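I opened this notebook to keep track of what I looked up and in what order. The entries below are kept short, and each one covers a single topic.

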Amino acid sequence: MKVIKCRLVPKDICVNLFGLLLARDTGWIDIHVMNHERIHTLQQRELLFVPFYIIYIAEWLLRFARHRNSHKAYMEISFEKEAYAHGHDLTYPARRRHFAQWRNNNL
């Protein structure tokens, strides 16, 4: 995965756009962050990219409306739940099932 430095991205945040990782600073990005983002890339590919972003934003908006807390809304997005649950398992992307973010046996 290619990492690109971008001053538009807030500090200590990375954004995965179509498999490219954008970050202001890259010193904090380790193999586990890369694995987390690799899982997002797999999610994006199976949804043909644009629907991934539409669903991601819709999920965040719905959860934010419920909780009124942006971090809690972010952590409850199905894509993030899967990526955080398996980010430290470096073998997970190779054995990940399609649409695992919506399967009950994901976690």
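The entries go from the sheet to the helices, then to the pocket and to some single residues.

**Entry 1: the sheet.** I noted at the outset that I am working with a predicted model. I then looked up the strand order and found an open sheet of 3 strands, β1-β3-β2, with mixed pairing. The edge strands are β1, residues 2-5, and β2, each of which pairs on one side only. Averaged over the sheet and with direction ignored, neighbouring strands are turned by 30 degrees against each other.

**Entry 2: the two pairings.** I took the two strand pairs in turn. β1 and β3 run in the parallel sense and are joined over 4 bridges, and in this pair I found K2 standing opposite L20 of β3. β2 pairs with β3, residues 20-23, in the antiparallel sense, over 4 bridges. Here V15 stands opposite L22 in β3, and L17 stands opposite L20 in β3. The hairpin of β2 and β3 has 2 residues between its strands, and in it F18 takes a positive phi near 55 degrees.

**Entry 3: the faces of β2.** Which side chains of β2 are buried, and which are not? I recorded that C14 and N16 point to one face and are buried, whereas V15 and L17 point to the other face and are not buried. This is the pattern to look for, because side chains alternate between the two faces of the sheet in a regular strand.

**Entry 4: the helix on the sheet.** I next asked which helix packs on the sheet. It is α1, which touches β1, β2 and β3, and the direction of α1 makes about 30 degrees with that of β2. I then picked out T41, which is found in helix α1. T41 counts as buried because its relative accessibility is 6%, against a cut-off of under 20%. With neighbours within four places in sequence left aside, T41 is in contact with M1, N16 and G19.

**Entry 5: α4 and R63.** For α4 I listed the buried residues, which are S78, F79, E80, E82, A83 and H86. What covers these residues includes α1, α2, α3 (70-75) and α5 (92-95). I also looked up R63, which is found in helix α2. Its relative accessible area is 18%, so R63 counts as buried. Apart from neighbours within four places in sequence, R63 is in contact with R68, A73, E76 and I77.

**Entry 6: the largest pocket.** I looked up the volume of the largest pocket and wrote down about 630 Å³. Its lining consists of 23 residues, and those that lie nearest the centre are C14, E37, Y56, Y74 and E80. The elements that give two or more residues to this lining are β2 (14-17), α1 (31-46), α2 (50-67) and α4 (78-86). Which of the elements gives the most to the lining? I found that α1 does, with 6 residues. Sorted by class, the lining has 13 nonpolar, 7 polar and 3 charged residues. Two of the residues nearest the pocket centre, C14 and E80, had come up in earlier entries, C14 as a buried residue of β2 and E80 as a buried residue of α4.

**Entry 7: positive phi.** I finished with backbone angles, keeping in mind that most residues other than glycine have a negative phi. D12 is not a glycine, yet its phi is positive, at about 60 degrees. D12 has its place in the loop between β1 and β2, and I entered D12 as partly exposed because its relative accessible area is 45%. F99 likewise has a positive phi, near 55 degrees, in a residue other than glycine. F99 is found in the segment after α5, and at 36% relative accessibility F99 counts as partly exposed. I set both beside F18 in the hairpin of β2 and β3, where phi is positive as well.

Technical notes: Residues are numbered from 1 along each chain as its sequence is written. This is a predicted model: local features need pLDDT of at least 70, side-chain atom pairs count only at pLDDT 80 or more; totals for chains, interfaces and linings use all residues. Side-chain values use heavy atoms; hydrogens and water are left out. On a 1 Å grid over the protein atoms alone, a cavity is a set of points where a 1.4 Å probe fits but cannot get out, and a pocket is an open set with protein on both sides within 12 Å along at least five of seven lines; lining residues have an atom within 4 Å of a point. Grid points are joined across faces, edges and corners, and a volume is the space filled by probe spheres set on the points. Ala, Val, Leu, Ile, Met, Phe, Trp, Tyr, Cys and Pro count as nonpolar, Asp, Glu, Lys and Arg as charged, and the others, Gly among them, as polar. Two strands pair if DSSP finds at least two bridges between them. Axes are lines fitted to C-alpha atoms, for helices over the stretch in contact, and angles run from 0 to 180 degrees between N-to-C directions. Contact means heavy atoms within 4.5 Å. Buried means under 20% relative accessible area, exposed over 50%, partly exposed in between (1.4 Å probe, protein chains only).
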